[in-house]
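Student: Could you take me through one part of this model in detail? I'd like a close look at the spot that the UniProt record flags, and then a bit about what else is going on around the chains.

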Amino acid sequence: PYKVVGLEIHAQISSNSKLFSGSQVQFAAPPNSLVSFFDASLPGTLPVLNRRCVEAAVMTGLALNCSINKKSLFDRKHYFYADLPAGYQITQQRVPIAVNGSLSYSLCIDNKMSQMVTKTVRIKQIQLEQDSGKSLHDDVRSQTLVDLNRAGVGLMEVVMEPDMCCGEEAAAAVRELQLILQTLGSSQAVMAEGQLRVDANVSVHHPGEPYGVRTEVKNINSIRFLAKAVDYEIERQIEELESGGTILNETRAFDSKLGCTVPMRDKEGKQDYRFMPEPNLPPLILYNARSLPANMNHQQVVNIDWIHERLPDLPSVKRAKLVEQYGILPEHSFTLLNEAGLTEFFEDVIKQTQMKPKKVIGWILNDLLSYLKQHSLTVKESPVSSFLLADLLNRLEKKEISSTAAKQVFAELWKGEGKTPLEIVKEKKLQLIQDQEDLERICQAVMAIKSGNRKVLNKLIGLVQRETQGRSNPVLVKQLLEKKLSE
Amino acid sequence: MMGNTMSLVSAALKEGRVAPTELCQRCLSLIKSTKFLNAYITVAEETALKQAEESEKRYKRGQPLGVLDGIPIAVKDNFNTAGIETTCASNMLKGYISPYNATVVQKLLDQGAVLLGKTNLDEFAMGSGSTDGVFGPVRNPWSYSRQYKEKSVPKSHSEDKDSNWVITGGSSGGSAAAVSSFTCFAALGSDTGGSTRNPAAHCGVVGLKPTYGLISRHGLIPLVNSMDVPGILTRCVDDAAVVLGSLAGHDPKDSTTIQDNFKPFELSDLTDVSKLSIGIPKEYHAPGLSSEILALWSKAADLFKNAGAKVIEVSLPHTRYSIVCYHVLCTAEVASNMARFDGLEYGHRSDMNKSTESMYAATRREGFNDVVRGRILSGNYFLLKQNYENYFIKAQKVRRLIANDFVKVFGSGVDILLTPTTLSDAIPYMEFIKEDNRTRSAQDDILTQAANMAGLPAINVPTALSERGLPVGLQFIGRSFQEKQLLTVAKWFEKQVKFPMIQLDEVKRHDHGVFQHQKSASFLEHRT
């Protein structure tokens, strides 16, 4: 069967104030401390559009290859709920700010990240709308507590067409969108803080037949859970249909503890939102270089071209540049971008070391990253700074220590006791012995113990190493032994 | 003095002939003795006196803030006033004390005006009689005027003299009555389908509906966002121009106000009307128009003609669709605007607490009167997905046609339109309530609605007394943002007709003082 997955993603706009009012946007503030008169729907208050939110939406639209509508409209979507003070949400139902875009994302064919394939999902539209407040149901005391801090915060709703076919694709697409939003700065897109919310629309059908009935899956709190929820729902639908049942066009919630989707209780029948144009907001007019009137104060208008010129490099471009500039593999560039701050760390190290990037990347991805993951730390929290790592790698490059020794030093640095690599090397006596005369003497001493048998050359090298506690340069030792043996 | 225009009183204040506190006291005590009019819902005595005291200090220093400094004014109770109850004459907002001032209120206060109180209205401004608020109906001051009493024939000797009082019209009846009975020198109303002009006509005062987008609606509790405007009620056209000058202009808090700079203007005395072209829209000869008003309208047209103006008949063919169009658009917006009244954040909250839904339902049933609830139901019906195209979208298109009628006429060289404001003079309350609110509104709004649909400025100028001794006014409709021209013509007309001053005993009792000798004269004095 064909599996069809579409996504509705709400990204909270990163701005100082809300979409239509001047109250602050802040996570985890005391309840009802960031509520303006307008947010509380006090009668007589009017919406005033926040320019920064418009710019964020334009940036996002451009980054997703959308057409930006030079004229878009605001509408009221009516329903009654405790966290919606006005009894309606201001959104863009008729003509949203951006339409018809696309997002490319990559998947690994197997789990080893060694073969990547690029997929595309169409972006139907991006619309600006208000976030609602939060309501907490206290069943014990039979009451509902309402916090309006979030009411009115700006959202970009990004609608992805049902071009995806499984949890992995959905997850990869959302991950890429998250990176794009974070790169643009239009949203911090942290799912755990509710800045990125994803609802999945899932249906299945046999090839050649029309699309099946779709269900909407909500309450997905992480990218990992997104993949799980989608895959579970696909399976559930297939099982249901194969056993002769039908799929209801309903909304289901993902239960992360049980790993399944369950029907949501309070959706009684279809809602008629009674959409109506928002009469207090004129149409949103955007300009580009061509349509900008000559005497218009540029601070009063949003110029699409101006924003386009200032877009930062998107993740896909950044990755390509990293591959080209440093000769690393594409899979490496994905990992670098996937971890906040890792690319900067990598590039900082490169700047401070002579070691080739192709070798540095190994240290970054295999050593640094695995230590970070083991200790659940972010790059920012790394006890090993780029300076320290670069220092260590320089010593390795200069052959002051062996790579085994370097790993040992790294482990020491990780303890974060403030010692430099040099200090650790000295302390643990890890320096490679470079002095030829020294090594000659040691070799002679060893040879005095064993007879000059060519076959045991390697054994001799091993013995020398043991004798010198691994500090002798093996290449030099081999040369010296061979010389001695040939004498 | 109480009957004087604002400009005259302002001059008196400046010259020290009367003090702001004295003026304020007189107004407050007149309010008390005209309490039977029920024009005021809240009288803010303490704060008003404080404001008057502050004004007095400024005058003593020789630094008044402007013409409005120390002038007692009243504000319709659907404008937010910080610290003073704002009820919209509804149970839903009884006891509601707003934390902020509407922009227009703030502007008046910033100019030193003295806010006497909040005036009565139809609940949430829905109605054309000012009879359907929870605080009871407003009585037209002219019901108690000598002019009316002389003309009215008592039906029986034992009849209660109060029983044939007439309505003020609505929904800004309280504001109109307040200005008309001399308790204040200017008042704010609101105008969505005629709610400022209608009561102005019935109460014999000037009622100005400005162009949509000229004056901020921030803080005006909305009825129909796309049609509402703050309205200005005064005793003469010059006063309206002064108040307009202090209120108009872009407000960043209201995205529907225009950005252009507004220049307050003084009205010149028009001497030559020969360059003026007055349009008489034939469709405004509406069914139900009294023969009296028809005759007055005709007489007014002749007045302009004889003075040399070009007076031509014009057509606004879509006028007859305006009532149904208005009904659809108004109720749809009402349904939307009233959705916020759920008892959660402010206002009345029902004791019903079984569930959120039941609390909402009970709150709204208890808080709103039948008129409001009826409009909400209608509006929601029109907004349903299956109806939206046939009703809302259709009505929007008809609205465009109505607006285009005016564009065409004004584009053909007509400067101002002259029409009646109401179908008849004010009718007795007992007769008015025989029909329901919806019927009455539909009837009464026909002459005033279209200006709201098109967003145009319009003004009622009191013209003459009817056979029953009650005021009749005529309406001028102007081009968008051409208030200066509109008011200039209105002022000329006002001067020609010399509308008589109301003869109210209550006022006479209060009015001892400087201007006693002017009591019986027309109030259209020349300015000093």
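**The annotated site**

Tutor: The UniProt record, an unreviewed entry, places the feature "active site" at Lys76(B), Ser171(B) and Ser195(B). They span 120 residues in sequence, yet no two of their C-alpha atoms are more than 11.0 Å apart, so they gather at one spot. Keep in mind that this is a predicted model.

Let's start with Lys76(B). Lys76(B) sits in strand β2 of chain B, which covers residues 72-76. With a relative accessible area of 0%, Lys76(B) counts as buried, because the cut-off for that is under 20%. Leaving out residues up to four places away in sequence, Lys76(B) touches both of the other annotated residues, Ser171(B) and Ser195(B). Its other contacts include Lys118(B), Thr119(B), Leu121(B), Ala125(B), Ser172(B) and Ser175(B), along with Leu188(B), Gly189(B) and Ser190(B).

Now Ser171(B), which is in a loop of chain B, between α5 (146-151) and α6 (173-180). Ser171(B) is buried as well, with a relative accessible area of 0%. Neighbours within four places in sequence aside, Ser171(B) is in contact with Lys76(B) and Ser195(B), and also with Asn120(B), Leu121(B), Asp122(B), Ala125(B), Gly127(B) and Ser130(B). Leu121(B) and Ala125(B) turn up in the contacts of Lys76(B) and in those of Ser171(B).

Elsewhere in chain B there's Gln475(B), in strand β11 (residues 471-477). Gln475(B) is a buried polar residue, with a relative accessible area of 0%. Among the residues that Gln475(B) touches are Arg197(B), Leu417(B), Leu418(B), Thr419(B) and Ile459(B).

One of those contacts leads to the nonpolar interior: Leu418(B) is among the residues with the most contacts inside the largest nonpolar core, which has 164 residues. Others on that list include Leu116(B), Phe124(B) and Phe476(B). Helix α10 of chain B (residues 322-337) gives the most to this core, with eight residues. Apart from it lies another core of 70 residues, Val5(A) and Leu284(A) among them.

Finally, the second largest pocket holds about 950 Å³ of space. Its lining has 27 residues, and the closest to its centre are Pro279(A), Ser226(B), Gln396(B), Arg399(B) and Arg400(B). The largest share of that lining, eight residues, comes from α13(B). By class, the lining splits into 16 nonpolar, four polar and seven charged residues.

Conventions
Residues are numbered from 1 along each chain as its sequence is written. Chains are lettered from A and ligands numbered from 1 in the order in which they are written. This is a predicted model: local features need pLDDT of at least 70, side-chain atom pairs count only at pLDDT 80 or more; totals for chains, interfaces and linings use all residues. Side-chain values use heavy atoms; hydrogens and water are left out. A nonpolar core is a set of buried Ala, Val, Leu, Ile, Met, Phe, Trp, Tyr and Cys residues joined through side-chain atoms within 4.5 Å. Buried means under 20% relative accessible area, exposed over 50%, partly exposed in between (1.4 Å probe, protein chains only). Helices (H or I, at least four residues) and strands (E, at least two) are DSSP runs, numbered from the N terminus. On a 1 Å grid over the protein atoms alone, a cavity is a set of points where a 1.4 Å probe fits but cannot get out, and a pocket is an open set with protein on both sides within 12 Å along at least five of seven lines; lining residues have an atom within 4 Å of a point. Grid points are joined across faces, edges and corners, and a volume is the space filled by probe spheres set on the points. Contact means heavy atoms within 4.5 Å. UniProt positions are given in the numbering used here, feature names are shortened, and annotations may be inferred rather than shown by experiment.
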